[in-house]
Amino acid sequence: MRRGENHLTGFECIRCGRKYRPDEVTYTCPDCGGNLDAGYDYQAIARVISRATLAADAEQSVWRYRPFLPLTLAESPISLRVGLTPLTRAANLGRDLGLERFYLKNDWLNPSGSFKDRASFVILAHCLGADIKHISAASTGNAGTSMACLAAAAGMPAVIFIPHTAPRPKIAQLLTYGARAVLVRGDYGQAFDLCEKVSTRLGWFNRNTGTNPYTREGKKTVSYEIWEQLGYNPPEWVAVSVGDGNIISGVYKGFYDLKQAGLTDRVPRLLGVQAAGSAAIAQAFHGDGVIRRVEAHTIADSISATMPSDGEAALKAVRRSRGTFVAVDDEEILDSLRLLAEREGVFAEPSGVAALAGVIRLVREKTIGNDESVVLIVTGSGLKDVESALKVAGRPLTVDPDPEEAVRLFLDQPPL
């Protein structure tokens, strides 16, 4: 594939602040072990990307934001469309909540049905640009199926380590894409550690969220799209479900990029929503700022994390945005799943709708004002976890193939 230039200047440790050249580091800070954040020449970016260039660009994927990405390829590595997902007005829920401008960013419409395709795209493009031959990842399901999907499109082998408790639809996706799926008899943290050790021994490029700085660079692309789709105007709030913290740190990074390049003058307030049974970052935010290991248990498997791998970046992102974290229980998450489907026709998995429970909470507490614009990122399709949906979906009506019986049934139970 043809090579091009990028505007990456290096990496900075989120924990200790030490800076590195792009060729000095691969994953985490050699000094303190902290996660790395990519830095760019924003003046150079501003010379090649603007509202006018975007308006004239026919590219319908994250590739339209290539000047902001740490990639050397001159063209998109796959034909699958990743990103540029719809931003739609949630009119019914907006009326229910009293929000005048409430929007859904429908990232469940990415190729694998998950927001994680954004990160997998950048990881894949980086690997192809650097002639890397093997990719590995640890995942509760979505990151792994995403990496398997995009690797398949590029003809690259992928090995995915997942907890044995992962939902079966996600395991089926992994296997169907042709990835080597490794079920680990343990939780996500144990699968994560095993993936790190095996990848190091065998020389595979490890996609693992947080420890691989390129994942944040893919996830930040959602912010460019929100900004562009709202007429180059950031909303007051962006709400997102949070597990390991990498998505919300990416959302902040995207708006930060736009501000540094002179394309906007502000960053939205961020609302990070965690499951109460996996709320290490929320507890740290409202406590002493120290992220401590929790025994994670929640129906929302994709945001279940015992020790969030990008928690420090998530804390900094939300604080710098003047946002907040909330923790919601599984009952609130399932109720949000039902509400989003019934009121807006969007079928999402529990981790994809946890953020809605947080928005409802903050609206009721009047932290979010009725006149403020809110974007809710819906991160995963409900088809990835149908068992959870069945907990709130109710039961179907059952009849014999007899018209008279069916008519009597609806006379007794009229459709809603």
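**Entry 1: the small sheet**

Two strands count as paired if DSSP finds at least two bridges between them. I started there, with a predicted model on the screen. I looked up an open sheet of 3 strands and read its order as β2-β1-β3, with antiparallel pairing. The strands at the edges are β2 (19–20) and β3 (36–40). Each has a single partner strand, so one side of each has no neighbour in the sheet. Next I checked how β1 (residues 8–13) is joined to β3: the two run antiparallel, with 5 bridges. Within that pairing I found Gly10 opposite Gly39 of β3.

**Entry 2: helix α12**

I moved on to α12, which spans residues 311–320. Which of its residues are buried? I noted Gly311, Ala313, Ala314, Leu315, Ala317 and Val318. I then asked what these buried residues pack against. My list has three helices, α8 (214–219), α10 (246–260) and α11 (280–286), and two strands, β11 (269–275) and β12 (324–328). After the helix comes Arg322, and I marked its positive phi, near 65°.

**Entry 3: cysteines**

How many disulfides are there? The count is 0. I wanted to know why, so I looked at Cys127 and Cys195. The closest cysteine sulfur to that of Cys127 is in Cys195, 12 Å away, which is too far for a bond. The cut-off for a disulfide is 2.5 Å between the sulfur atoms. Seen from Cys195, the closest cysteine sulfur is that of Cys127. Both are shut away: Cys127 is buried at 0% relative accessibility, and Cys195 is buried at 0% as well.

**Entry 4: cores**

I turned to the nonpolar cores. The largest has 83 residues, and Phe68 and Phe325 have the most contacts inside it. Helix α4 (residues 117–129) gives the largest share of this core, 7 residues. A second, separate core has 35 residues, among them Leu340, Val353, Ala354 and Ala357.

I went back to Phe68 and listed its contacts, leaving aside neighbours within four places in sequence. They include Tyr40, Tyr42, Ile45, Ile49, Tyr224, Leu258, Ala261 and Leu263. Glu217, Lys220 and Asp257 are also in contact with Phe68.

**Entry 5: salt bridges**

I looked up the total and got 22 salt bridges. I followed three of them.

The first was Arg343 with Asp96, at 2.8 Å from N to O. Arg343 lies in α13 (residues 330–344) and Asp96 in α3 (residues 91–97), so the pair ties together parts 247 residues apart in sequence. Arg343 is partly exposed, at 30% relative accessible area. Asp96 is partly exposed too, at 45%.

Next came Arg118 with Asp107, at 2.7 Å from N to O. Arg118 is in helix α4, while Asp107 is in the loop between β5 (101–106) and α4, so this pair ties together parts 11 residues apart in sequence. Are these two buried or exposed? Both are buried.

Last I took Glu349 with Lys170, where the closest N and O atoms are 2.9 Å apart. Glu349 sits in the loop between α13 and α14 (350–364) and Lys170 in helix α6 (residues 168–176), so parts 179 residues apart in sequence are tied together. Glu349 and Lys170 are both buried.

I closed with a network. Salt bridges that share partners join Asp37, Arg216, Glu217, Lys220, Lys253, Asp257 and Asp310. I recognised Glu217, Lys220 and Asp257 from the contacts of Phe68.

Conventions:
Residues numbered from 1 in each chain as written. Predicted model: local features only at pLDDT ≥ 70, side-chain atom pairs only at ≥ 80, totals over all residues. Heavy atoms only, no water. Buried < 20%, exposed > 50% of the residue type's maximum accessible area, 1.4 Å probe, protein only. Helix = DSSP H or I, 4+ residues; strand = E, 2+ residues; numbered from the N terminus. Contact = heavy atoms within 4.5 Å. Core = buried A, V, L, I, M, F, W, Y, C linked by side-chain atoms within 4.5 Å. Salt bridge = Lys/Arg side-chain N within 4 Å of Asp/Glu carboxyl O.
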